[in-house]
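User: Please take one part of this model and look at it closely, moving outward from a single contact to its surroundings. I would like one connected account rather than a list.

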Amino acid sequence: MVAASADLALVLDGQGVIRDISLGTSHTRELGELRQWVGRRWVETVTIENRAKVNSMLAAAAGGAGPENQGSRPERQVNHPLAGGVDLPVSYSIVPMGVQGRVLALGRDLREVAAVQQRLVDAQQSMERDYLRLRHTEARYRLLFEAVDEAVLVLDANSLVVFEHNAAAARVLGDSTKRIVGRSFTELLAVESQAESYAKFSQARSAGRSEDMLVRLANGTTELKLAATVFKQDSTTSLLVRLSPANVAAAGQPLNRAAEVPSLLNVVNAMPDAFVLTDMQGRIISANQAFSDMLQLAPGESVQGQSLDRWLGRSSVDLNVLIGNLRQHGVLRLFPTTLRSGYGEPGAVEISAVAVPDGPQACLGFSIRDVARRLPTDGRSSRQLPRSAEQLTGLVGRLPLKDIVGETTDLIERLCIEAALELTRDNRASAAEMLGLSRQSLYVKLRRYGIQGD
């Protein structure tokens with residue numbers, strides 16, 4: 001009955017020595033080493049910090065408390081050190097046997113309970129860390145959302161109801177927060193702008209973003225430029241709407257001659273070479289369409305806010321080298337590296353960059369040119385060795401050191417074999433002797449390099 005009701009039962013004499021031990025049916029094989037406790041004092045089988053608990057339980061049992069006072073002796077947990085450096089947590093209840101001061105210690109194995117408690121603690125700590133990261137992310141998002149001067153609104157993609165906006169939007173729309181949130185965005189526009197805005201929002205839902213359009217507010221006097229972009233959060237699709245002043249000359253006033261000249265921004269956006277503007281840590285602020293074309297990004301996928309080293313070079317080393325040189329010298333020309341597309345395919349590129357530390361926002365500008373199809377300027381074939389140290393070091397940054405050394409070694413070995421065959425008029429035995437190789441090794445290398453001979 002004791003074996004069936006407890007995982008572990010100890011029969012102790014008046015001096016606290018274990019005289020008998022009983023293991024539960026499910027623990028007989030697992031805790032068989034505990035039978036060696038017979039003849040030892042119970043206090044010697046527990047960890048040092050738990051010995052006071054054992055002495056306290058034995059003292060309470062020896063105090064003359066009978067079975068009718070069992071409620072005054074609650075269960076106490078102690079840990080037994082086992083082989084392998086692990087502890088066995090057991091919760092004991094003391095039952096006096098009334099025979100020569102003997103007591104019965106009924107123990108319950110707490111390892112499963114301890115494991116569940118540990119998993120609960122780990123899960124709680126993980127949730128707290130995730131919650132803290134979420135709070136920090138939300139704080140950064142809110143700070144950025146409110147700091148921009150451009151009016152930004154977040155709409156439900158289907159109903160076009162406004163459920164969030166920044167302070168700039170409230171100023172532009174000339175309305176209080178309570179009157180904007182929860183209203184349909186089209187209600188804030190003039191009647192003649194509502195139909196076209198519906199069409200642009202439909203375009204954004206299908207293509208990821210809409211073309212810019214001019215809209216007039218419901219007050220009938222303010223005209224703004226509207227742009228919409230789709231983003232998804234969980235299973236909800238939303239629209240990010242940006243409103244900016246329309247640069248249109250006032251009616252009846254002559255146009256500024258500078259407005260007739262194409263702006264530098266339009267020229268950069270139309271360039272065939274990629275142009276990327278980042279902050280001083282390499283996070284992308286803006287990029288032209290050529291950069292998205294090089295990366296083969298899906299329509300509507302944005303690169304803003306992401307680090308340039310996600311696509312540039314084989315690792316963050318290349319970007320660190322670029323940023324370090326720009327901070328030290330301010331300008332960098334014709335830096336060879338690779339650019340990985342969105343599908344992970346590398347391509348050879350050449351970068352010229354400049355640092356602009358002075359201004360409203362310190363930034364770095366990168367001009368990226370695709371040189372994968374450029375012909376070698378020195379006319380050498382890929383099978384020829386570099387003729388100088390400068391040509392060999394020119395491969396640094398384009399290939400890893402292991403590949404440079406491996407390809408150079410293979411090329412030297414092949415050229416030496418071809419020279420030996422040429423000197424011996426394709427006599428393989430003589431060529432092997434000249435190279436210090438066995439004929440079998442030479443044949444293996446000939447097959448490896450695909451060299452044909454007589």
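Analyst:
**R369 and the open sheet**

With a relative accessibility of 42%, R369 counts as partly exposed, and in this predicted model the residue offers a convenient way into the sheet. Its side chain meets that of D273 in a salt bridge, with 2.7 Å from N to O. The two partners come from distant parts of the chain, 96 residues apart, since R369 belongs to strand β15 (residues 363–370) whereas D273 lies in the loop between α8 (264–270) and β11. The acidic partner is the buried member of the pair: D273 has a relative accessibility of 13%, and the threshold for buried is under 20%.

Strand β15 takes its place in an open sheet of 5 strands, whose order is β12-β11-β15-β14-β13 and whose pairing is antiparallel. The edges are held by β12 (284–287) and β13 (331–340), each of which has a single partner strand, so one side of each is left without a neighbour in the sheet. From one strand to the next, the twist averages 30 degrees.

At the β12 end of this order, strand β11 (residues 274–278) pairs with β12 over 3 bridges in the antiparallel sense. Within that pairing, L277 has S286 of β12 as its bridge partner. At the other edge, V331 is found in strand β13, and its relative accessibility of 34% makes V331 partly exposed. V331 also contributes to a nonpolar surface patch with V354 and V356, the three together having about 190 Å² of accessible area. As background to reading such strands, side chains in a regular strand alternate between the two faces of the sheet.

Between the residue ranges of the two edge strands lies a further contact, this time between rings. F291 and W311 form an edge-to-face aromatic pair, with 6.1 Å from centre to centre and 90 degrees between the planes. Because F291 sits in helix α9 (residues 289–295) and W311 in the loop between α9 and α10 (316–329), the pair ties together parts that are 20 residues apart in sequence. Both rings belong to buried residues, F291 having a relative accessible area of 0% and W311 a relative accessibility of 3%.

For comparison, an arrangement elsewhere in the chain also brings an antiparallel strand pairing and a salt bridge into view. Strand β1 (residues 8–12) is joined to strand β2 (residues 18–23) by 5 bridges, and the two run antiparallel; V11 stands opposite D20 in β2. These strands form a hairpin with 5 residues between them, and G16 in the turn has a positive phi of about 80 degrees. A salt bridge links D13 to R19, with the closest N and O atoms 2.8 Å apart. Here too the aspartate counts as buried, D13 having 9% relative accessibility, while R19 at 43% is partly exposed.

The contact between R216 and E223 is a salt bridge at 3.7 Å from N to O, and its two residues are partly exposed, R216 with a relative accessible area of 26% and E223 with 31%. In the structure as a whole, the count comes to 16 salt bridges, and D410, E413, K445 and R448 are linked in a network of such contacts.

How values were computed. Residues numbered from 1 in each chain as written. Predicted model: local features only at pLDDT ≥ 70, side-chain atom pairs only at ≥ 80, totals over all residues. Heavy atoms only, no water. Pairing = 2+ DSSP bridges. Helix = DSSP H or I, 4+ residues; strand = E, 2+ residues; numbered from the N terminus. Axes fitted to C-alpha atoms, helices over the stretch in contact; angles between N-to-C directions. Patch = residues over 30% accessible without salt bridge, like charges linked within 9 Å, V, L, I, M, F, W, Y side chains within 5 Å. Areas by Shrake-Rupley, 256 points an atom, 1.4 Å probe, with all protein chains shown as cover. Salt bridge = Lys/Arg side-chain N within 4 Å of Asp/Glu carboxyl O. Buried < 20%, exposed > 50% of the residue type's maximum accessible area, 1.4 Å probe, protein only. Phe/Tyr/Trp six-rings, centres within 6.5 Å; stacked < 30°, edge-to-face > 60°.
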